[in-house]
Amino acid sequence: MSWTNESIIEEFVLLCFSDQPWLEFPLFVVFLTSYIVTIFGNFNIILVSRLDPKLHTPMYFFLTNLSVIDLCYITCTVPQLLVNLRSMRKVISYGGCVVQLYMFLALGATECVLLPVMSLDRFVAICRPLHYSVIMHQRFCLQLAAVSWIIGFGNSVWLSILTLQLPRCGHYVIDHFLCEVPAMLKLSCVDTTANEAELFFGSVVFHLVPLTLILISYAFIAQAILKIQSAEGRQKAFGTCGSHLIVVSVFYGTAISMYLLPPSPQSQNRRKTASLFYGIISPMLNPLIYTLRNKEVKEAYKRLVKRVLLTKK
């Protein structure tokens, strides 16, 4: 560890799970497995959504965006974590920490905006079915996706700069397995009340507001579904919404526990656990939820396999 003065740090120490060394190898196996499953599952969703013409719809366009977010999300955290779990020196370079901090914030904020966009798509499909193709046209879907990415990455620039400009006075040990804002704020040797207030405000805007919009959308969706006469129609409508609601519950539940719950003696362990779900478990579960519960995706996989087998004959 070396630096030219107290304010210029070349690398940070990530404590990860050093207080429980017996957990490191089992966690390494779990995270490596999660990483492989996430890469495979999300890549498959992207592939089948692009190759099957029947899935060229707004719903699967937004699902493809979600899969891209999840692929980037887990890639910006897990490889470094795997290296540190099997290394005596659990460090990350200053540049790597900056990139990880920025990407973790940007991808999380993008998903926060994309999930209510996906609920809007389901609202129009179920509550305004006759106008669906007119409202959710290709250009509008592209604009919604672009706005989600721009807002997410723009918000990350603001919060990252506010966090990184704080003086650390030579503090370089991060009690976490990744570089994220609350853990980085603890390194500062000045009062961070203003930064914590800004983080709280941003969390309300990006977590509670989108979640409220989603719940309002699904209140109208539930009313519309209950008016459907056939049991098969109701089951199909609930099926297309159920996967999204599970994803929303996992994502926002862990995000709120990370950023909005008041601090407690166990808050650091709670943050680590929440970060695991937020950045690792959730990206792994998303493709499993959408493929296991979605009949259209299953049928698309079958058609794709048949096409591959026929081309080999």
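**Exercise 1. Characterise the spans 60–81 and 204–226, and state how a record annotates them.**

Solution. Residues 60–81 are 91% helix and 0% strand, with end C-alpha atoms 31 Å apart. Residues 204–226 are 100% helix and 0% strand, and their end C-alpha atoms lie 32 Å apart. Helices (H or I, at least four residues) and strands (E, at least two) are DSSP runs numbered from the N terminus. The model is predicted: local features need pLDDT of at least 70, side-chain atom pairs count only at pLDDT 80 or more, and totals for chains, interfaces and linings use all residues. Residues are numbered from 1 along each chain as its sequence is written, and side-chain values use heavy atoms, with hydrogens and water left out.

An unreviewed UniProt entry places the feature "transmembrane region" at several spans, including 60–81 and 204–226; such annotations may be inferred rather than shown by experiment.

**Exercise 2. Determine how α2 packs on α4.**

Step 1. The axes of helix α2 (residues 58–75) and α4 come within 10 Å and cross at roughly 165 degrees. Axes are lines fitted to C-alpha atoms, for helices over the stretch in contact, and angles run from 0 to 180 degrees between N-to-C directions.

Step 2. α2 is therefore roughly antiparallel to α4 (angles over 145 degrees; under 35 is roughly parallel, 65 to 115 roughly perpendicular and the rest oblique).

Step 3. The crossing is left-handed, a term for a near helix turned anticlockwise from the far one by less than a right angle, with clockwise being right-handed.

Step 4. Among the residues in contact (heavy atoms within 4.5 Å) are Phe-62 and Asp-70 of α2 and Glu-111 and Arg-122 of α4. The residues of this contact divide into 13 nonpolar, 3 polar and 4 charged. Here Ala, Val, Leu, Ile, Met, Phe, Trp, Tyr, Cys and Pro count as nonpolar, Asp, Glu, Lys and Arg as charged, and the others, Gly among them, as polar.

**Exercise 3. Analyse the packing of α4 with α8 and with α6.**

Step 1. The axes of α4 and helix α8 (residues 193–226) approach within 9 Å and cross at roughly 15 degrees, which means that α4 is roughly parallel to α8.

Step 2. This crossing is left-handed. Arg-122 and Phe-123 of α4 and His-207 and Tyr-218 of α8 are among the contact residues, which divide into 16 nonpolar, 3 polar and 1 charged.

Step 3. Helix α4 (residues 94–127) packs against helix α6 (residues 138–164) at about 145 degrees, with axes 7 Å apart. The crossing of α4 and α6 is right-handed, and its contact residues comprise 20 nonpolar, 7 polar and no charged.

**Exercise 4. Which residue is joined to Cys-97, and which parts does the link tie together?**

Step 1. The model has 2 disulfides (cysteine sulfur atoms within 2.5 Å).

Step 2. One of them joins Cys-97 to Cys-179, S to S 2.0 Å. The link is left-handed, with -120 degrees about the S-S bond.

Step 3. Cys-97 lies in helix α4 and Cys-179 in the loop between β3 (173–174) and α7 (181–185), so the pair ties together parts 82 residues apart in sequence.
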